[in-house]
Amino acid sequence: MPRSTQLAGSTSTENGAYHALLARHDAMRLRRRMLSPEGGAGARRAAGEAYDGAADQRVIRAHLGLVGPFEELITQLYEVLFERHPALRGLFPGEMAFQEAHLAQAFRYLLDRLDRPEEIAETFTRLGRDHRKLGVRPAQYAAFEEALRAALRVRTGERGEAGLEEAWVRMVRFGVTAMVRGAEAALHEPPFWRATVTEHQLVGDDLAVLRVVPHETFRYEAGQYTDLESSLLPHTWRPYYLAGEPDAAGAVELHVRCTGPGGVSEALVHRTAVGDEVRLGPPKGNLTLGEEPAGDLRLVAWDTGWAAMKALLQEVDRRMRTSPGHGVRRVRLFLGAPDVAGLYDTEYLAGLERRRPWLSVVPVTGAAPGGEGYGRLAAAVTRAAAPPGGRVLVSGPPAMVRAVGASLARAGVAGEDVRHDLLPTGAESGHAATGAVPA
């Protein structure tokens with residue numbers, strides 16, 4: 001191994017250990033605060049005892065007219081946060097519009113599920129692991145809580161019910177406590193992985209295939225995605241599927257479509273070169289095969305959603321060769337694009353289909369009415385829906401995922417047999433502080 005690589009790995013490991021100690025220290029301080037007598041019974045419930053989220057849900061919903069719209073509450077929240085804690089501004093992307101919209105989504109997610117606190121706890125535990133890559137430390141959640149209280153007082157004035165502010169704080173604190181637990185449980189792994197671009201191939205005018213080598217071991221399952229940050233746009237992260245297994249050098253493949261000027265995708269496609277550095281967040285996602293028998297698989301992808309399916313096909317191929325009885329019998333891949341020119345990596349896919357009798361590929365091009373142009377793809381998938389016990393895995397723009405899912409539901413395919421991730425597209429994803437929540 002070159003000396004420069006050894007030094008980079010050593011420094012990264014030492015930094016990771018140092019930040020792990022800081023995170024553990026802050027987590028302990030925040031837990032003591034939440035469990036202290038002045039934290040109140042609501043805080044103790046959020047920290048682990050049974051939380052009566054349904055009661056807080058009723059209070060908050062009854063006074064939404066005073067507090068809402070969420071967008072105005074959130075604007076005031078961030079004004080207070082940055083005024084009182086200007087150092088925190090550097091954790092956020094320069095343009096806050098997407099961030100504010102994402103936090104509004106998080107509030108709605110919490111409010112809609114307060115009567116199902118176990119679901120919130122599971123989701124926000126995952127978020128806590130993911131948010132470590134942003135440099136967020138537990139003490140900063142306390143600053144967020146103070147800003148929330150101040151914003152609520154501005155919105156409600158003298159009209160707010162005595163328990164309204166506390167209901168909001170308990171709701172947010174419940175989610176934050178789960179995030180702290182998730183962050184602590186992940187202290188054994190880096191908050192993010194630095195990686196060097198070793199290959200950058202343009203495919204057409206606005207699509208790039210990148211290969212990057214992480215400086216430390218980066219483990220993931222086929223079908224997962226990672227949030228990626230370019231050094232050109234600090235604190236702005238964009239989700240991308242990981243296409244296939246790492247090669248002998250540890251390089252992983254990413255497919256990036258430029259969605260507009262000035263964002264992460266534009267930086268990666270048009271302003272990134274071999275030797276540049278990027279950062280990868282923890283791998284995550286719902287498209288993994290798992291260990292249970294899969295039966296017949298239907299894989300559905302639009303555009304760069306193909307990256308996830310490429311990884312899954314390699315995993316199925318590996319299992320077919322090493323464990324023929326593992327449960328996958330046949331795979332049918334539906335690959336969608338606006339036109340034939342939008343299909344890429346076709347030589348690789350055609351070769352795989354020729355060599356593997358268990359695989360059949362159905363290209364679907366052109367838009368059709370319904371599902372914002374995805375009706376033709378949805379109809380093709382539905383006509384060939386997997387038999388009972390089979391699974392359908394879908395990757396692509398949220399509108400496509402919804403169109404295919406709705407079409408399969410109308411055809412009687414059970415919801416548990418359809419898996420997907422709703423990854424944001426079109427708008428650049430800048431996640432920071434408590435603003436991220438699954439779609």
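An angle between helix axes under 35 degrees counts as roughly parallel, over 145 as roughly antiparallel, 65 to 115 as roughly perpendicular, and anything else as oblique. The model discussed here is predicted.

Q: Which class describes how α7 and α9 are set to each other?
A: Helix α7 covers residues 117-131 and helix α9 covers residues 164-185. Their axes lie 6 Å apart and make an angle of about 50°. That angle falls in none of the parallel, antiparallel or perpendicular ranges. The two helices are therefore oblique.

Q: What is the handedness of the crossing of α7 and α9?
A: Two packed helices are described by the angle between their axes and the distance between the axes. For α7 and α9 these are about 50° and 6 Å. The crossing of this pair is right-handed.

Q: How many nonpolar residues are in the contact of α7 with α9?
A: On the α7 side, the residues include P117, I120, F124 and R129. They meet α9 residues, among them F174, M179 and R181. By class, the contact has two charged residues, five polar and, for the nonpolar class, nine.

Q: Which strands stand at the edges of the five-strand sheet, each with a single partner strand?
A: This open sheet has parallel pairing and runs β9-β8-β7-β10-β11. Its twist averages 15° from one strand to the next. Two strands have a single partner each, so one side of each is left without a neighbour in the sheet: β9 (359-365) and β11 (418-420).

Q: Which residue is the bridge partner of L299 in β10?
A: Strand β7 spans residues 295-302 and β10 spans residues 391-395. They pair in the parallel sense over five bridges. Within β10, L299 finds its bridge partner in L393.

Q: At about what angle does α12 run to β9?
A: Helix α12 is made of residues 346-355. It lies across β8 (328-337) and β9. Against β9, the angle is about 145°.

Q: Which strands stand at the edges of the six-strand sheet, each with a single partner strand?
A: This open sheet has antiparallel pairing and the order β4-β3-β6-β1-β2-β5. Ignoring direction, its neighbouring strands are turned by 40° against each other on average. Two strands have one partner each, so each has a side without a neighbour in the sheet: β4 (237-241) and β5 (252-257).

Q: Which residue in β6 stands opposite E229?
A: Strand β6 (residues 277-280) pairs with β1 (residues 193-202) over four antiparallel bridges. One of the residue pairs there is W193 with L280. Strand β3 (residues 225-230) joins β6 through three bridges, also antiparallel. In β6, the residue opposite E229 is R279.

Q: Which residue in β5 is the bridge partner of V212?
A: Strand β2 covers residues 207-214. Six bridges join β2 to β5, and the two run antiparallel. The bridge partner of V212 in β5 is V252.

Q: At about what angle does α11 run to β5?
A: Helix α11 takes in residues 306-322. It lies across β4 and β5. Its angle to β5 is about 155°.

Q: Is H63 buried or exposed?
A: H63 sits in the loop between α3 (53-62) and α4 (64-67). Beyond its neighbours within four places in sequence, it contacts E161 and L164. Its relative accessibility is 17%. The cut-off is under 20%, so H63 counts as buried.

Methods:
Residues are numbered from 1 along each chain as its sequence is written. This is a predicted model: local features need pLDDT of at least 70, side-chain atom pairs count only at pLDDT 80 or more; totals for chains, interfaces and linings use all residues. Side-chain values use heavy atoms; hydrogens and water are left out. Axes are lines fitted to C-alpha atoms, for helices over the stretch in contact, and angles run from 0 to 180 degrees between N-to-C directions. A crossing is left-handed if the near helix is turned anticlockwise from the far one by less than a right angle, and right-handed if clockwise. Contact means heavy atoms within 4.5 Å. Ala, Val, Leu, Ile, Met, Phe, Trp, Tyr, Cys and Pro count as nonpolar, Asp, Glu, Lys and Arg as charged, and the others, Gly among them, as polar. Two strands pair if DSSP finds at least two bridges between them. Buried means under 20% relative accessible area, exposed over 50%, partly exposed in between (1.4 Å probe, protein chains only).
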